[in-house]
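Me: I'd like to learn how to read a fold from its coordinates. Could you walk me through one?

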Amino acid sequence: MRFRHYKRVMTKRIALYPGTFDPMTLGHLDIMKRAAKLCDKLIIGVAINRSKGPLFGLDDRVQMVEHVVAPLRESMEVEVLPFEGLLIHFVEQCGASMIVRGLRAVSDFEYEFQMAGMNDRLNPDIETVFLMADPQYQTIASRLVKEIARLGGDVSQFVTPEVEARLKDKYT
């Protein structure tokens, strides 16, 4: 009996985690760390979303993400890229095969479920992977962190020290 030897082509599993990251929270970081276990390369896409009217400019948000993901780079390839426009086009441009989305609550799921369905219609080769937020991060939302900081509250349990300092600078 003869066996055929097939050359197995290893393709790099590239995942894209998109977000506005205004500001970057510990919840975002948790999803990034967990997404890193699912892929060979993780791309964090920092969205230019003019309709949201972000507190931080694009360069500031990219810098915050770069700073927070630095330790991840010790064990894997991580890239931080700004993007604007249709997410599925950016995913294709990056050569990613999966979109990573974090879910905190049922309301997140309803929106993300619709988005995943639309993205699947636009490109069925791209998978959407949902990661449930760790219970300690389920209540963290960037908009609430900004509100707490604006009102002079302590946000240290929600963000890294660098992000906390940037928030204080914005609101003082």
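**Reading the fold step by step**

Reply: Let's start with the surface: the protein exposes about 10600 Å², and carbon and sulfur atoms supply 53% of that area. Keep in mind that this is a predicted model.

Me: What does the C-alpha trace span along its principal axes?

Reply: About 75 × 35 × 30 Å. As for the interior, buried residues make up 44% of the 172 residues.

Me: How many helices and strands are there, and in what order do the elements run?

Reply: Count first, then walk the chain. You get 6 helices and 5 strands, and from the N terminus on they run β-α-β-α-β-α-β-α-β-α-α.

Me: Next, the sheet. In which order do the strands sit, and is the pairing parallel or antiparallel?

Reply: Order in the sheet is a separate thing to read from order in the chain. Here the 5 strands form an open sheet, ordered β3-β2-β1-β4-β5, with parallel pairing. The edges are β3 (77-83) and β5 (127-132), each of which pairs on one side only. From one strand to the next, the twist averages 30 degrees.

Me: Can we zoom in on one pair? Over how many bridges do β4 and β5 pair?

Reply: Strand β4, residues 98-103, pairs with β5 over 6 bridges, in the parallel sense. For one of those partnerships, take Leu103: its bridge partner in β5 is Met132.

Me: What share of the contacts with a separation of 6 or more joins residues 24 or more positions apart?

Reply: That share tells you how contacts spread over the sequence. In this protein it is 74%.

Me: On to packing. How many residues does the largest nonpolar core have, and which of them have the most contacts inside it?

Reply: For a core, look at its size, its hubs and the elements that feed it. This one has 35 residues, and Met24, Met32, Leu42, Ile44 and Val65 have the most contacts inside it. Two or more residues come from each of β1 (14-19), α1 (26-36), β2 (41-47), α2 (58-69), β3, β4, α5 (142-150) and α6 (161-171). Apart from that core lies another, of 13 residues, including Ile14, Cys94, Ala96 and Ile99.

Me: Let's pick a hub. What is Leu42 in contact with, leaving aside neighbours within four places in sequence?

Reply: Leu42 touches Ala15, Tyr17, Met32, Ala35, Ala36, Met76, Glu77, Val78 and Glu79.

Me: And Phe56: where does it lie, and is it buried or exposed?

Reply: Phe56 is in the loop between β2 and α2. Its relative accessible area is 2%, so Phe56 is buried, the cut-off being under 20%. With the same sequence neighbours left out, the contacts of Phe56 are Asp22, Pro23, Arg61, Met64, Arg166, Leu167 and Lys170.

Me: How far apart are Phe56 and Leu42 in sequence and in space?

Reply: They are 14 residues apart in sequence and 23 Å apart in space, C-alpha to C-alpha.

Me: Last one, the aromatics. How many pairs are there, and why is the pair of Phe109 and Phe113 called tilted?

Reply: For ring pairs, check centre distance and plane angle. The count is 4 aromatic pairs. The rings of Phe109 and Phe113 have centres 5.4 Å apart and planes at 35 degrees, so they are tilted: under 30 degrees would be stacked, and over 60 edge-to-face. Both residues sit in helix α4 (residues 106-122), 4 residues apart, about one turn of the helix. Phe109 is partly exposed at 36% relative accessibility, while Phe113, at 53%, is exposed. Together with Phe130, Phe109 and Phe113 form one aromatic cluster.

Note on methods:
Residues numbered from 1 in each chain as written. Predicted model: local features only at pLDDT ≥ 70, side-chain atom pairs only at ≥ 80, totals over all residues. Heavy atoms only, no water. Pairing = 2+ DSSP bridges. Axes fitted to C-alpha atoms, helices over the stretch in contact; angles between N-to-C directions. Core = buried A, V, L, I, M, F, W, Y, C linked by side-chain atoms within 4.5 Å. Buried < 20%, exposed > 50% of the residue type's maximum accessible area, 1.4 Å probe, protein only. Contact = heavy atoms within 4.5 Å. Areas by Shrake-Rupley, 256 points an atom, 1.4 Å probe, with all protein chains shown as cover. Phe/Tyr/Trp six-rings, centres within 6.5 Å; stacked < 30°, edge-to-face > 60°.
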